[in-house]
Amino acid sequence: QLQASGGGLVQAGGSLRLSCAGSGRSFSSDTMGWFRQAPGKEREFVAAISWSGGSTYYADSAKGRFTISRDNARNTVYLQTNCLKPEDTAVYYCAAGGGSIWAPMNNYDYWGQGTLVTVSS
């Protein structure tokens with residue numbers, strides 16, 4: 001099971017740190033990813049990190065503003081979001097599995113329930 005948290009309401013230019021804690025099994029061997037779904041839009045990829053944390057991959061919209069990291073000892077993955085924009089408003093989901101960090105969304109086996117990020121202008 002994956003539990004995402006850390007969302008909230010923030011003004012444009014602000015920051016939030018999202019967390020995704022795993023339980024029931026270790027996700028330390030899994031690629032972990034963050035995805036988001038804005039109202040009325042399809043779910044999209046945000047960032048992914050390899051099992052070791054040594055490799056990361058970002059959507060163009062996230063590059064330079066978001067940082068994905070993980071702590072395998074805590075079975076947790078993080079998404080630091082900086083310089084937030086109103087268009088970042090979405091429910092953010094974490095996922096595990098994937099295979100490679102470039103794997104498509106449907107390769108992920110485990111999904112969290114999502115945490116809402118709302119960015120006001």
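How many salt bridges does the structure hold? The structure, a predicted model, holds 6 salt bridges. The exercises below take up some of them, then turn to the rings.

**Exercise 1. Classify the burial of D30 and R25, and state how they pair.**

Step 1. Take the contact. D30 and R25 form a salt bridge, with the closest N and O atoms 3.1 Å apart.
Step 2. Take D30. Its relative accessible area is 12%. Buried means under 20%, so D30 is buried.
Step 3. Take R25. Its relative accessibility is 32%, so R25 counts as partly exposed.
Result: a buried D30 pairs with a partly exposed R25.

**Exercise 2. Work out which residues are linked in a network with R36.**

Step 1. Start at R36. Its side chain meets that of E44 in a salt bridge, at 2.7 Å from N to O.
Step 2. Check burial. R36 has 7% relative accessibility and counts as buried. E44, at 35%, is partly exposed.
Step 3. Add the pair D88 and R65. Their side chains also meet in a salt bridge, at 2.7 Å from N to O.
Step 4. Place this pair. D88 lies in the loop between β8 (76–81) and β9 (90–97), and R65 in the loop between β6 (56–58) and β7 (66–71), so the salt bridge ties together parts that are 23 residues apart in sequence.
Step 5. Check burial again. D88 is buried, with a relative accessible area of 1%. R65 is buried too, at 11%.
Result: R36, E44, R65 and D88 are linked in a network of salt bridges.

**Exercise 3. Determine the geometry of the ring pair F35 and F45.**

Step 1. Count the aromatic pairs. There are 7.
Step 2. Test F35 and F45. Their ring centres are 5.7 Å apart and their planes stand at 70°. The cut-offs are within 6.5 Å for a pair and over 60 degrees for edge-to-face, so this pair is edge-to-face.
Step 3. Locate the partners. F35 sits in strand β4 (residues 31–37) and F45 in strand β5 (residues 44–49), so the pair ties together parts that are 10 residues apart in sequence.
Step 4. Check burial. F35 and F45 are both buried.
Result: F35 and F45 are an edge-to-face pair. Together with Y57, W102, Y108 and W111, they form one aromatic cluster.

**Exercise 4. Identify which arginine lies over the face of Y78, and which over that of Y93.**

Step 1. Over Y78 lies R17, at 3.9 Å from the ring centre.
Step 2. Over Y93 lies R43, at 3.7 Å from the ring centre.
Result: R17 goes with Y78, and R43 with Y93.

Notes:
Residues are numbered from 1 along each chain as its sequence is written. This is a predicted model: local features need pLDDT of at least 70, side-chain atom pairs count only at pLDDT 80 or more; totals for chains, interfaces and linings use all residues. Side-chain values use heavy atoms; hydrogens and water are left out. Rings of Phe, Tyr and Trp (its six-membered ring) pair if their centres lie within 6.5 Å; planes under 30 degrees apart count as stacked, over 60 as edge-to-face and the rest as tilted. Helices (H or I, at least four residues) and strands (E, at least two) are DSSP runs, numbered from the N terminus. Buried means under 20% relative accessible area, exposed over 50%, partly exposed in between (1.4 Å probe, protein chains only). A charge sits over a ring if NZ of Lys or CZ of Arg is within 6 Å of the ring centre and within 35 degrees of the ring normal. A salt bridge is a side-chain nitrogen of Lys or Arg within 4 Å of a carboxyl oxygen of Asp or Glu.
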